[in-house]
Amino acid sequence: MSLDTIKCPNCGYMYQMDLGEYKQNLETIVTRGIFGKDKSKLESSNLIDLKCPNSACGKSFEWKVE
Ligand SMILES: [Zn+2]
């Protein structure tokens with residue numbers, strides 16, 4: 001398990017999360033068809049949708065997984 005540092009492009013808030021695990025969970029969800037329309041997008045890029053945990057911001061943004 002490795003933590004990646006995320007910085008919100010909207011407010012600059014920085015936090016850490018395990019992106020590899022997050023992406024894996026996301027792909028599991030996609031495989032189940034819940035977010036079927038986003039499947040091609042997920043497979044064709046390393047961009048994932050994150051939501052800023054800063055309660056004063058809370059905006060969604062795309063983050064590139066290395
Ligand atoms: Zn933010």
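**Group meeting talk: a short protein, from Trp63 outwards**

Hi everyone, let me start with one residue: Trp63 is partly exposed, because 17 other C-beta atoms lie within 10 Å. On that scale, a residue is buried with 20 or more other C-beta atoms within 10 Å of its own, exposed with 12 or fewer, and partly exposed in between, the C-beta atoms being placed from the backbone.

Before I go on, a word on the model. It is a predicted one, in which local features need pLDDT of at least 70 and side-chain atom pairs count only at pLDDT 80 or more, while totals for chains, interfaces and linings use all residues. Residues are numbered from 1 along each chain as its sequence is written.

Back to our tryptophan. Trp63 sits in strand β4, residues 60-64. By strands and helices I mean DSSP runs, numbered from the N terminus: E for strands, at least two residues, and H or I for helices, at least four. Beyond the residues up to four places away in sequence, Trp63 touches Ile6, Leu47, Ile48 and Leu50. A contact here puts two C-beta atoms, placed from the backbone, within 7 Å. There is also a link across the chain: Lys7 is 56 residues away from Trp63 in sequence, yet their C-alpha atoms are separated by 9.0 Å.

Which strand does β4 pair with? Strand β3, residues 47-51, is joined to β4 by five bridges, and the two run antiparallel. Strands count as paired if DSSP finds at least two bridges between them. In this pairing, Ile48 is the residue opposite Trp63.

Now one step back along β4, to Glu62. Is Glu62 buried or exposed? It counts as exposed, because there are 11 C-beta neighbours inside 10 Å. Outside four places in sequence, Glu62 contacts Leu47 and Asp49. Glu62 and Asn46 lie 16 residues apart along the chain, with 9.6 Å between their C-alpha atoms. As a reminder, in a regular strand the side chains alternate between the two faces of the sheet. As for β4 as a whole, the strand is hardly covered, with zero buried residues among its five.

For a contrast, let's look at Cys8. Cys8 is in the loop between β1 (4-7) and β2 (14-17), and it is buried, because 20 other C-beta atoms lie within 10 Å. Setting aside neighbours within four places, Cys8 is in contact with Tyr13, Cys52, Asn54, Cys57 and Phe61. Ser60 is 52 residues from Cys8 in sequence, but 8.8 Å away from C-alpha to C-alpha.

The strands on either side of that loop form a hairpin. β1 and β2 pair in the antiparallel sense over four bridges, with Thr5 opposite Gln16. Six residues lie between the two strands, and Gly12 takes a positive phi near 85°.

Zooming out, the order from the N terminus is β-β-α-α-β-β, which gives two helices and four strands. Of the 66 residues, 5% count as buried. Among contacts between residues at least 6 apart in sequence, 35% join residues at least 24 apart.

Last, confidence, given as pLDDT, the predictor's score for each residue from 0 to 100. The mean is 82, and 76% of residues reach 70 or more. Which elements mark the two ends of the range? Helix α2 (residues 39-44) has the lowest mean pLDDT, 54, and β2 the highest, 95. Where pLDDT is low, the predicted coordinates should not be read in detail. Thanks, and I'm happy to take questions!
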